[in-house]
Amino acid sequence: MNTLAPDAPVLCLTGPTAAGKSAATLAIAARWPVEIINVDSATIYRRMDIGTAKPSAAERAAVPQHLLDILDPLQSYSAAEFRQDALRLIADIRARGRIPLLAGGTMLYYKALRDGLDDLPQADAAVRAELDARAAREGWPALHAELARIDPVTAARLAPNDSQRIQRALEIHRLSGHPMSALLGQARAEDAQAIALHAISLEPDDRLALHARIAQRFDAMLAAGLADEVRRLRARGDLHPGLPSVRCVGYRQLWAWLDGEVDAETAREQGIAATRQLAKRQLTWLRAWPGRDVIDCMAPEAAARVVDRCAAFLPSA
């Protein structure tokens, strides 16, 4: 078969959660020699399989998959680390004469790869621990109010309980002495080179239909043993709700149930609501991605349509 030029745009398959990206990815892999680079901030964690909709053993056997199960849930992973790993993998896959396929829905990772990274300070474990301790005493809305005083631009776009982003904005201010909003857009010299991406995006024509699918999938995860998966993680004793792994949708709601904060039905309802909110945020990101090729994810033949679009971009099989 013909091969792609070394500087050809990298093919991406993206979309909100529950859009059917996994099925479309396997359909592409059945026709072209691809290797998948997972663009997902949850499937990176080991022993978090059900709630992250991680590819099955059979799916992994069908096509090489990268950036799965690379971290313990106690660890964290940044957009900068993803960019570094993805660039290395893209080069390695092409050197093997195969086609890299970025697949997933963590939009910050795509942005880091496509646009480079802002010149922001690296995470600081001591500062984060201090902020977590304050949040435990005062609550995240109090820290959001503090952020509003020092960086009103950033605070205005964050919910008062958006713990991860509030923590990061306060951390950046503490380490740099400047509000995060003032530093955004100042690209690091080593990240100035943009990466061309060819994006096929699975998005719903009918948002309510996607909401119904999200609820069905969450219930299927519960039936498959998601509560037991969270229970095993909690039983380790070294994990807590402040970690990025435990903040993943579904996990943090069931963790709250196991902590006795809510009942089982409330945890289920909150897990579904959080997943729908995630999908909404993902769609907001996607609508700001110029030139993406959109396919209705609710169409019965969505995966076949993705393959047809890929045929116009990828070399003949």
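**Figure 1. Threonine 17 sits in the loop between β1 and α1.** In this predicted model, β1 spans residues 10-14 and α1 spans 21-29. Threonine 17 is buried, at 11% relative accessible area. Beyond its neighbours within four places in sequence, threonine 17 contacts Leu210, Ile214 and Arg217. Thr275, Leu278, Ala279 and Gln282 are also in contact with threonine 17. The UniProt entry, which is unreviewed, carries a "binding site" annotation that includes Thr17. That annotation also covers Ala18, Ala19, Gly20, Lys21 and Ser22.

**Figure 2. Alanine 19 lies in the loop between β1 and α1.** Is alanine 19 buried or exposed? Its relative accessibility is 2%, under the 20% cut-off, so alanine 19 counts as buried. Residues up to four places away in sequence are not counted in its contacts. Alanine 19 then touches Leu202, Leu210, Arg213 and Cys297. Ala19 is among the residues that the unreviewed UniProt entry lists under "binding site".

**Figure 3. Glutamine 282 is part of helix α14.** Helix α14 covers residues 264-287. Glutamine 282 is buried, with 7% relative accessibility. Which residues does glutamine 282 contact, leaving aside neighbours within four places in sequence? They are Gly15, Pro16, Thr17, Gly105 and Met107. Met107, in turn, is one of the buried residues of helix α4.

**Figure 4. Helix α4 packs through its buried residues against several elements.** The helix runs over residues 107-115. Its buried residues are Met107, Tyr109, Tyr110, Ala112, Leu113 and Arg114. They pack against two helices, α3 (79-95) and α14 (264-287). They also pack against the strands β1, β4 (99-103) and β5 (197-203). Glycine 116 follows α4. The phi of glycine 116 is positive, near 85°.

**Figure 5. Cysteine 297 and cysteine 310 are buried.** Cysteine 297 has a relative accessible area of 3%. For cysteine 310 the relative accessibility is 0%. Why does cysteine 297 form no bond with cysteine 310? Their sulfurs are 16 Å apart, and a disulfide needs sulfur atoms within 2.5 Å, so the pair is too far apart for a bond. Cysteine 310 holds the closest cysteine sulfur to that of cysteine 297. For cysteine 310, the closest cysteine sulfur belongs to cysteine 12. That distance is 11 Å, again too far for a bond. Across the whole structure, the search finds zero disulfides. Cys297 also appears among the contacts of alanine 19.

Technical notes
Residues numbered from 1 in each chain as written. Predicted model: local features only at pLDDT ≥ 70, side-chain atom pairs only at ≥ 80, totals over all residues. Heavy atoms only, no water. UniProt positions renumbered as here; feature names shortened; annotations may be inferred. Helix = DSSP H or I, 4+ residues; strand = E, 2+ residues; numbered from the N terminus. Buried < 20%, exposed > 50% of the residue type's maximum accessible area, 1.4 Å probe, protein only. Contact = heavy atoms within 4.5 Å.
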